[in-house]
Amino acid sequence: MDVVVQLQRQLADHTASLFHEGFLNEQFNQLQQLQDESNPDFVVEVVSLFFEDSERLLNELAKALEQQAVDYKKVDAHVHQLKGSSSSIGAQRVQGVCIPFRNFCEEQNIEGCLKCLQQVKHEYSLVKNKLETLFKLEQQLIAAGGSFPTL
Amino acid sequence: KTIMGMAAEAQYHVLAVDDSLLDRKLIERLLKTSSYHVTAVDSGSKALEFLGLLEDEHNDALAPSDVDVNLIITDYCMPGMTGYDLLRKIKESKSLKDIPVVIMSSENIPSRINRCLEEGAEEFFLKPVQLSDVNKLKPHLLKGREKESEPSINKRKGMEECHSHDKTRTKYDGLEVV
């Protein structure tokens, strides 16, 4: 049972830091509240969709910005989608970068766009990492016989 | 199922329209948590198809009581047909115009919101949609139900002449009201 307590503490700390450091916001709590015994994997499923969406969009963005004649409308459309899915799961920092990104699209500012792409890739990989750690801890906790309360 | 539909409180059926798979999953869960029966589609044209209104057909083959949807909730920004376009098509359709429509959008643009409300949308939700938003749907659904029960009495004769409809439930609904 000691292991369970330890894992619970680790999970609580990790979750708290995610919120404290602004990686996640209240929307993530909403997702957790929608999870129950009949939908035990809801959060993981939704976050997985976010990972898939984001990876696809980041690839599309890189391609679009490499073009000789950049189609800023297309770039903006991708950023809009990325902003949407990050906001849907509460990935606050990723969502945050999308705002200046869209402004640079409107200004057709290639430098600004490229910078934002780097930033959003960075934020995405950070939050992905942290969420994967979160899910791993949850799995360990369940395997050890514990359960986790949703905030 | 039809008999149970009469006796017990029938579930409300919501049609959700969103091109994002993630958002569809989210809205579906939100609606199901509130005990709604949900159908989720990824485009306006699929929505119209589901509602029995094909794009190139302008005459409504269906009577309002044939359509088994109590509320439509749609994203605004979608490729092809936007949520606004869908709203207009619904309001222009004799068979669909009384179904309450709610618009969702990630962008807080007052002129957009006003346009939708003026066109007949019941509510405009900012994304990400919350459980508290979904709780606001009940009164619109109840209002829709009331409207639905009136015309079905008159339309019953017309409906019986219609062929190829397995939706016998609506006929029983008409009887129930009488």
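Buried residues account for 46% of the 151 residues in chain A. The model is a predicted one. Chain A has six helices and zero strands. Along the sequence its pattern reads α-α-α-α-α-α. Measured out along the principal axes, the C-alpha atoms fill a box of roughly 60 × 30 × 20 Å. Take the contacts in chain A between residues at least 6 apart in sequence: 69% of them join residues at least 24 apart.

Now to the helix packing in chain A. Helix α5(A) covers residues 92-107, and its axis comes within 9 Å of that of α6(A). The two axes cross at roughly 170°. Angles over 145 degrees count as roughly antiparallel, so α5(A) is roughly antiparallel to α6(A). On the α5(A) side, the contact is made by Arg93(A), Val94(A), Val97(A), Cys98(A), Pro100(A), Phe101(A), Phe104(A) and Cys105(A). On the α6(A) side, the residues include Cys113(A), Cys116(A), Leu117(A), Val120(A), Tyr124(A) and Val127(A). By class, the residues of this contact divide into 14 nonpolar, two polar and two charged.

A second packing involves α2(A), residues 26-33, and α4(A), residues 72-89. Their axes lie 6 Å apart, at an angle of about 60°. The two helices are therefore oblique to each other. From α2(A) come Gln27(A), Phe28(A) and Leu31(A); from α4(A) come Ser87(A), Ser88(A) and Ile89(A). This contact of α2(A) with α4(A) has three nonpolar, three polar and no charged residues.

Next, the aromatic rings. Searching the whole structure gives five aromatic pairs over all chains. One of them joins Phe50(A) and Tyr124(A), with ring centres 5.9 Å apart. Their planes stand at 65°, so the pair is edge-to-face. The pair links distant parts of the chain, 74 residues apart. Phe50(A) belongs to helix α3(A), residues 42-66, and Tyr124(A) to helix α6(A), residues 110-143. Phe50(A) and Tyr124(A) are both buried. Tyr124(A) also appears in the contact of α5(A) with α6(A). Ring pairs extend the group to a cluster of Phe50(A), Phe51(A) and Tyr124(A).

Charges meet rings here too. Lys128(A) lies over the face of Phe51(A), 5.5 Å from the ring centre. Phe51(A) is a member of the cluster just described. Elsewhere, the charged end of Arg93(A) sits over the ring of Phe23(A), at 3.9 Å from its centre. Arg93(A) is also one of the α5(A) residues in the contact with α6(A).

Chain B comes next. Chain B contains nine helices and five strands. Read along the sequence, the pattern is α-β-α-β-α-β-α-β-α-β-α-α-α-α. Helices and strands alternate up to the fifth strand, and the pattern closes with α-α-α-α. Of its 178 residues, 44% count as buried. Among contacts in chain B between residues at least 6 apart in sequence, 67% join residues at least 24 apart.

One residue of chain B deserves a stop: Leu53(B). Leu53(B) lies in the loop between α3(B), residues 44-50, and β3(B), residues 71-75. Is Leu53(B) buried or exposed? Its relative accessibility is 10%. Buried means under 20%, so Leu53(B) counts as buried. Ser43(B) is 10 residues from Leu53(B) in sequence. In space, C-alpha to C-alpha, Leu53(B) and Ser43(B) are 14 Å apart.

How values were computed. Residues are numbered from 1 along each chain as its sequence is written. Chains are lettered from A and ligands numbered from 1 in the order in which they are written. This is a predicted model: local features need pLDDT of at least 70, side-chain atom pairs count only at pLDDT 80 or more; totals for chains, interfaces and linings use all residues. Side-chain values use heavy atoms; hydrogens and water are left out. Rings of Phe, Tyr and Trp (its six-membered ring) pair if their centres lie within 6.5 Å; planes under 30 degrees apart count as stacked, over 60 as edge-to-face and the rest as tilted. Helices (H or I, at least four residues) and strands (E, at least two) are DSSP runs, numbered from the N terminus. Buried means under 20% relative accessible area, exposed over 50%, partly exposed in between (1.4 Å probe, protein chains only). A charge sits over a ring if NZ of Lys or CZ of Arg is within 6 Å of the ring centre and within 35 degrees of the ring normal. Axes are lines fitted to C-alpha atoms, for helices over the stretch in contact, and angles run from 0 to 180 degrees between N-to-C directions. Angles under 35 degrees count as roughly parallel, over 145 as roughly antiparallel, 65 to 115 as roughly perpendicular and the rest as oblique. Contact means heavy atoms within 4.5 Å. Ala, Val, Leu, Ile, Met, Phe, Trp, Tyr, Cys and Pro count as nonpolar, Asp, Glu, Lys and Arg as charged, and the others, Gly among them, as polar.
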